[in-house]
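Have your viewer open and ready to select residues by number. We will take the model one stop at a time, and each stop tells you what to pick and what you will find there.

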Amino acid sequence: MPEKIQDFVCCYENIFMSLWFSFFLSFFFFSPLAVLVKLAGLLLTLLAAWCLGYLFAAFVSEEIITTSIANLQDIGKKPVLRAPVPKRQKCDHWSPCSPGSYAYRILSGGGKEKLAKICFEDELLISEEKGNVGRGINVATVNYHSGEMMTFIKNVPEGSLLFMVTHDDGSTRLKNDAKKLVEELGSKEIWNMKFRSSWAFIAAKGFKLPDNIQKEKINHSDKKKNRYDGWPAEIQIEGCIPRNLI
């Protein structure tokens, strides 16, 4: 601290010497008194400002100055708000099902690369990953097992949910007896099935599904509108089924 004070005293000595030198020059080169007074005032102001800045820097630590400048810069910055990462829901729903409901999602095939998929309570019943997607109509119950379509549907016990989706073509080999059986489950589009129509259907055996859920969807192949070469776009149905329907 004494060294800083000594520097401060030396600073003022330099001021007086500079002022004396300025007056000396002004006396020989400027005759009007008003000019001398203005010059002296300007020099005094400049030197005083320089010394005050030097004094401030000598007695205030560099850390305090740096922190103060950083705080001033942060005033103009707007806080960055980041949305929380959304929690994954069952069967990739956007929002969770209410307590006491089952989550499901059925997706028809689309083109050669996108295969049909059936998900129930976040469990894939039929999917490419499980290797159990077949050409035609894929049928699954909550406890999935495969078999010939008509026999499979007839043997499904009362109180079961059935999920059906097409992959590639599900109409060419579909006989009228099978269509009638699916119609009895509540399908309104099974008779409208065409070559490579994308179709998804959810049904209940032995009980009634709520009227406010989507149960069926179909998309026919159209060369002018097809998303894929020879295939229409895939379609899907998803929703929540109450657990207390039986």
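The tour below starts with the whole chain and then visits its sheets, a helix, the cores and the chain's last segment.

**Stop 1: the whole chain**

Please keep in mind that this is a predicted model. Colour the chain by secondary structure, and you can pick out five helices and eight strands. Following the sequence, they come in the pattern α-α-α-β-β-β-β-α-β-α-β-β-β. Now switch to a surface view: the chain exposes about 16,800 Å², and carbon and sulfur atoms supply 59% of that area. Of its 246 residues, 35% count as buried. Among contacts with a separation of 6 or more, 58% join residues 24 or more positions apart.

**Stop 2: the sheet with E1**

Which strands should you select for this sheet, and in what order do they lie? Choose E3, E2, E1 and E8, in that order; they make an open sheet with antiparallel pairing. E3 and E8 are the edge strands, and each pairs on one side only. On average, neighbouring strands here are turned by 20 degrees against each other, direction ignored.

Now highlight E1, residues 101-107. This strand is mostly covered, with six of its seven residues buried. E1 runs antiparallel to E8 and is joined to it by seven bridges. E1 is also antiparallel to E2, and four bridges link that pair.

Click on Tyr104 to see both partners: Gly239 stands opposite in E8, and Phe120 is the bridge partner in E2. Two other pairs to look for are Ile106 with Ile237 of E8 and Leu107 with Gln236 of E8.

**Stop 3: the two faces of E8**

Stay with this sheet and select residues 236-242, which form strand E8. Which of its residues lie on the covered face, and which on the uncovered one? Ile237, Gly239 and Ile241 make up the covered face, while Gln236, Glu238, Cys240 and Pro242 are on the uncovered face.

**Stop 4: the other four-stranded sheet**

Next, select E4, E5, E6 and E7, which form an open sheet in that order with antiparallel pairing. E4 (136-141) and E7 (216-219) stand at the edges with a single partner strand each, so one side of each has no neighbour in the sheet. Neighbouring strands of this sheet are turned by 15 degrees against each other on average, direction ignored.

Zoom in on E5 (residues 160-167) and E6 (residues 198-205): these antiparallel strands are joined by six bridges. For one facing pair, show Val165, which stands opposite Ala200 in E6.

**Stop 5: helix H5**

Select residues 176-184 to bring up helix H5, then show the side chains of its buried residues: Ala178, Lys179, Leu181 and Val182. Why are these four on the same side of H5? They cover an arc of only 160 degrees around the axis, which puts them on one side together. Turn to the other side of H5, where Asp177 and Glu184 are exposed.

What do the buried residues of H5 pack against? Their neighbours are helix H4 (149-155), E5 and E6. Just after H5, stop at Gly186, which takes a positive phi of about 120 degrees.

**Stop 6: two nonpolar cores**

In soluble globular proteins, nonpolar side chains tend to be buried together. To see this here, select Tyr104, Ile106, Ile118, Leu161, Phe163 and Leu209, the residues with the most contacts inside the largest nonpolar core, which has 21 residues. E1, E2 (117-120), E3 (123-126), E5, E6 and E8 each supply at least two residues of this core. A second, separate core has 18 residues, including Ile153, Val182, Trp199 and Ala203. You have already visited one of these, as Val182 is among the buried residues of H5.

**Stop 7: after E8**

Finally, select Ile246, found in the segment after E8. Is Ile246 buried or exposed? Its relative accessibility is 75%, so Ile246 counts as exposed, a class that begins over 50%. Leaving aside residues up to four places away in sequence, Ile246 touches Gly159 and Phe207. To end, draw a distance line between the C-alpha atoms of Ile246 and Gly206: these residues are 40 apart along the chain, and the line spans 8.6 Å.

Terms used. Residues numbered from 1 in each chain as written. Predicted model: local features only at pLDDT ≥ 70, side-chain atom pairs only at ≥ 80, totals over all residues. Heavy atoms only, no water. Pairing = 2+ DSSP bridges. Axes fitted to C-alpha atoms, helices over the stretch in contact; angles between N-to-C directions. Buried < 20%, exposed > 50% of the residue type's maximum accessible area, 1.4 Å probe, protein only. Contact = heavy atoms within 4.5 Å. Areas by Shrake-Rupley, 256 points an atom, 1.4 Å probe, with all protein chains shown as cover. Arc of directions from axis to C-beta. Core = buried A, V, L, I, M, F, W, Y, C linked by side-chain atoms within 4.5 Å.
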